[in-house]
Amino acid sequence: MNASLPMLPFADPGAGYRALQPEIDAAVARALASGWYILGREGEAFEAEFAAWLGNKPGAPRMHAVGCANGTDALMLILRGMGIGEGSTVVTVSHTAVATVAAIEMAGATPLLLDIDPDTYTMDADELVSVLADPPPGLPPIRAVIPVHIYGQPVELGPIQQACEAAGVMLIEDCAQCHGAELGGRKLGTIGHAAAFSLYPTKNLGALGDGGIIATPDAELAARIGAIRQYGWVRRYISDMTGVNSRLDELQAAILRVKLPHLDAQNARRREIAEAYDAALSSTPLPPPRRREDAYHVFHLYVLRHPERDAIMARLKAEGIGTGVHYPVPVHLQPAYEGRVALGPAGCVETARAAQEVFSLPMYPELTDEQVARVCLALRQL
Ligand SMILES: *Cc1c(COP(=O)(O)O)cnc(C)c1O
């Protein structure tokens, strides 16, 4: 190991702040001086700007956006806004952040977890089609499907959308890892009935604290969700429906307004880094991540897989390169869920295998060319 070089961290959320520090500091000062800290002008402006950015591709519907406290709540609020809770099954995958499954249970619904396509790590569309045609016995009726665009890679939405339409089931996109990704020239989050975005600091669009935002082309659904996020208020102090407290605060909204205009360029930088890693891997036994055709992958994470993952990670660590595992234990094998949560007919076999083999390289737009070169050099030695 070259001892003169500091460890290159797997993630560096502070770098995202430092890169835009003067602008962010000014926005924070403006929000502080306004004297209004929850659901005000900054939040409204961010919702409008995010909706406009999301819907800016030809053929996209007009989008509506509602800020909330985090990405988990965004999913829960969508389900509640659709009236999906107790007595409903919601289908998703086990290969995801536990938040996806936690949100389904927070809404009161029953999760059903499907397997993934091992090449793209996204929902197995064939298994979904068969589950919708022939639901597993003993579960409440299926009312919604939540595919997860994991690592920044789009799910194969075409057949999934068709199957949902045929079955009269809601399609909710988990967009926590895919801000700015596209499929067939459409931004993800504009294809289903609604989409949930996390704004956690390390996401492609990240606050400097917690945050989330819901997007939907359905104005009525957006209005309902906007009420549910604040005690079910349509008029102040009067709950027309039962709600929760899940609001995006003005400081985070002001910061996100600074960051949003940089997102497209930052995603392009992530893709540039991914290409450099791809090239470095060409002489190694590690195949680079698959990209779905007709997709714009935004590399929230750059994920490789190998049966001897732990040894490879240790060698990279010895070269001063930090790595991560997303995720080490699939949801259906975690203590809180194991033996209790329903699985699809494929039994999540590919999911369990992937969890033992995947690992992620440093991937954030602030990585310098020198840092990327360091990672590439270490990769070439594998
Ligand atoms: C981060 C994440 C969430 C949850 O977002 P929080 O803001 O942490 O609540 C949900 N789904 C996926 C796939 C995620 O990566």
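**Exercise 1.** State which domains the domain assignment of the chain gives, and how far apart their C-alpha centres lie.

*Solution.* The chain is divided into domain 1 (18-261) and domain 2 (262-380), with bounds from an automatic or database domain assignment. Between the C-alpha centres of domain 1 and domain 2 the distance is 23 Å. The model is predicted: local features need pLDDT of at least 70, side-chain atom pairs count only at pLDDT 80 or more, and totals for chains, interfaces and linings use all residues. Residues are numbered from 1 along each chain as its sequence is written, and side-chain values use heavy atoms, with hydrogens and water left out.

**Exercise 2.** Describe the contact between domain 1 and domain 2.

*Solution.* Start with the residues: 51 from domain 1 and 43 from domain 2 take part in the contact (heavy atoms within 4.5 Å). Next, take the buried area (accessible area, 1.4 Å probe, that two parts lose on being put together, summed over both). This area is about 3,800 Å², and carbon and sulfur atoms give 54% of it. In domain 1, the residues losing the most area to domain 2 are Asp115, Tyr151 and Asn204, together 18% of what that side buries. Last, count the salt bridges (a side-chain nitrogen of Lys or Arg within 4 Å of a carboxyl oxygen of Asp or Glu). There are two between the domains.

**Exercise 3.** Give the closest N and O distance in the salt bridge of Glu105.

*Solution.* The partner of Glu105 is Arg340. Their closest N and O atoms are 3.0 Å apart.
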